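The following exercises are to be worked with the sequence and the model in view. Each task is followed by a solution in steps.

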Amino acid sequence: MARAERAAAESFAALLARARACRVCAKELPLGPRPVFRLAPSARLLIVGQAPGTKVHATGIPWNDPSGDRLRDWLALDRAAFYDEARVAILPTGLCYPGRLPQGGDAPPRPECAPLWHPPLRAHLAEVRLTLLVGAYAQAYYLGKERGASVAETVRDFRAYLPEFLPLPHPSWRTLAWAKRNPWFARRVIPALRRRVRAILGGRV
Ligand code: SF4
C-alpha cells in the first residue's frame, strides 16, 4: 500500500473508531449508545435508513429484522450480497437506538447525529453511485425542501432525484397496506430500483 493510501486508510479507521465510540447524546438514549453502521471506501451503494430498533441494537447488525427482509426483497439482494460491506454501505440517519415515543412507535433519530457523522463518513465513500433514502427522516435530511409533501409523493417522483438519490418508503409492516394503496410502487419503482442496483453492484454504472 502506498504511503498516501496508508494515511487515508488510517484516518478512515480513526474516524470509524471515533464514530463507534460516540457518546454525544448518551443521556438521551434509553439503552445507551451503540452506533450501528457498516462502511468501506469501496462501497458502491449507500443505504440511509432511520435508526436502529431494539433488535438491531441487541445484535449490532443493521436491518437484521423483518424490515430488513422486506428491503432485501425490494432490492433483490440476498443477505450475503446485502451485508457485503465492500460493496454496500449502511448508515442510518441516527446511529443509535433512540427509544420510544410516549404515544408508541420508535422515537425519531437523534437530531445531532446525522449532521455530526454523515458528512465526514460520506467523504470516504467516493465510489458510491447511488444513495437510497429509506423513509421520511433520511429524505428530510438529504432532500430538505426538495422533497415532496409526503413520502408517497417523494417516492412517486423518484426519477427527479436520480442519479444521486433514490427515495423509498420505510419497509416496516405498515408499508404492506401502503403498497396496496399505491400500486405504482411495485409496478414502477421496484423494477427501476432493482435495475439500478444490479447495474451498480455489477460495476456497470
Ligand atoms: S445517536 Fe449519534 S450522536 Fe448520539 S451517541 Fe449515538 S452516534 Fe453519537
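**Exercise 1. Locate Ala76, state whether it is buried or exposed, and describe its backbone.**

Step 1. Ala76 belongs to the loop between α3 and α4; helices (H or I, at least four residues) and strands (E, at least two) are DSSP runs, numbered from the N terminus. This is a predicted model, in which local features need pLDDT of at least 70 and side-chain atom pairs count only at pLDDT 80 or more, while totals for chains, interfaces and linings use all residues. Residues are numbered from 1 along each chain as its sequence is written, and side-chain values use heavy atoms, with hydrogens and water left out.

Step 2. The relative accessibility of Ala76 is 53%, so Ala76 counts as exposed (buried means under 20% relative accessible area, exposed over 50%, partly exposed in between, with a 1.4 Å probe and protein chains only).

Step 3. The phi of Ala76 is positive, near 60°, in a residue other than glycine. Ala76 takes this value just after α3.

**Exercise 2. Find what is unusual in the backbone at Trp63 and at the bond between Leu162 and Pro163.**

Step 1. The background is as follows: most residues other than glycine have a negative phi, and most peptide bonds are trans.

Step 2. Trp63 is not a glycine, yet its phi is positive, at about 55°. Trp63 is placed in the loop between α2 (54-59) and α3. With a relative accessibility of 9%, Trp63 is buried, whereas Ala76 is exposed at 53%.

Step 3. The peptide bond that joins Leu162 and Pro163 is cis, with omega about 5°. Pro163 is part of the loop between α7 (151-156) and β4.

**Exercise 3. Determine how many residues of α3 are buried, and against which elements they pack.**

Step 1. Of the 10 residues of α3, 7 are buried, so this helix is largely enclosed by the rest of the structure. The buried residues are Ser67, Gly68, Arg70, Leu71, Arg72, Trp74 and Leu75.

Step 2. These buried residues pack against β1 (45-48), α4 (79-82), β3 (130-134), β4 (165-168), α8 and α9 (184-201).

Step 3. Consider Ser67, a residue of α3. Its relative accessibility is 12%, and Ser67 is therefore buried. Beyond residues up to four places away in sequence, Ser67 touches His170, Pro171 and Ser172, where contact means heavy atoms within 4.5 Å.

Step 4. Consider next Leu75, in helix α3 (residues 66-75). Leu75 is buried, at 2% relative accessibility. With residues up to four places away in sequence not counted, its contacts are Ile47, Phe82, Leu132, Leu193, Arg194 and Val197. Leu75 and Val197 are 122 residues apart in sequence, but their C-alpha atoms are 7.0 Å apart.

**Exercise 4. Describe the surroundings of Thr175 and of Ile200.**

Step 1. Thr175 lies in helix α8 (residues 174-181) and is buried, with a relative accessible area of 6%. Apart from its neighbours within four places in sequence, Thr175 contacts Trp74, Pro169 and His170.

Step 2. Ile200 lies in helix α9 and is buried at 1% relative accessibility. Residues up to four places away in sequence aside, Ile200 touches Arg44, Leu45, Arg129, Leu130 and Val205.

Step 3. Between Ile200 and Asp69, which are 131 residues apart along the chain, the C-alpha separation is 21 Å.

**Exercise 5. Identify the residues around the ligand, their character, and the number of disulfides.**

Step 1. Around the ligand are Cys22, Arg23, Val24, Cys25, Leu29, Pro35, Leu95, Cys96, Cys113 and Trp117, each with a heavy atom within 4 Å of the ligand.

Step 2. This shell comprises 9 nonpolar residues, no polar residue and 1 charged residue. Here Ala, Val, Leu, Ile, Met, Phe, Trp, Tyr, Cys and Pro count as nonpolar, Asp, Glu, Lys and Arg as charged, and the others, Gly among them, as polar.

Step 3. Two cysteines of the shell may be examined for burial: Cys25 is buried, with a relative accessible area of 12%, and Cys113 is buried at 12% relative accessibility.

Step 4. A disulfide is a covalent bond between the sulfur atoms of two cysteines. When a disulfide is taken as a pair of cysteine sulfur atoms within 2.5 Å, the count is 0 disulfides.
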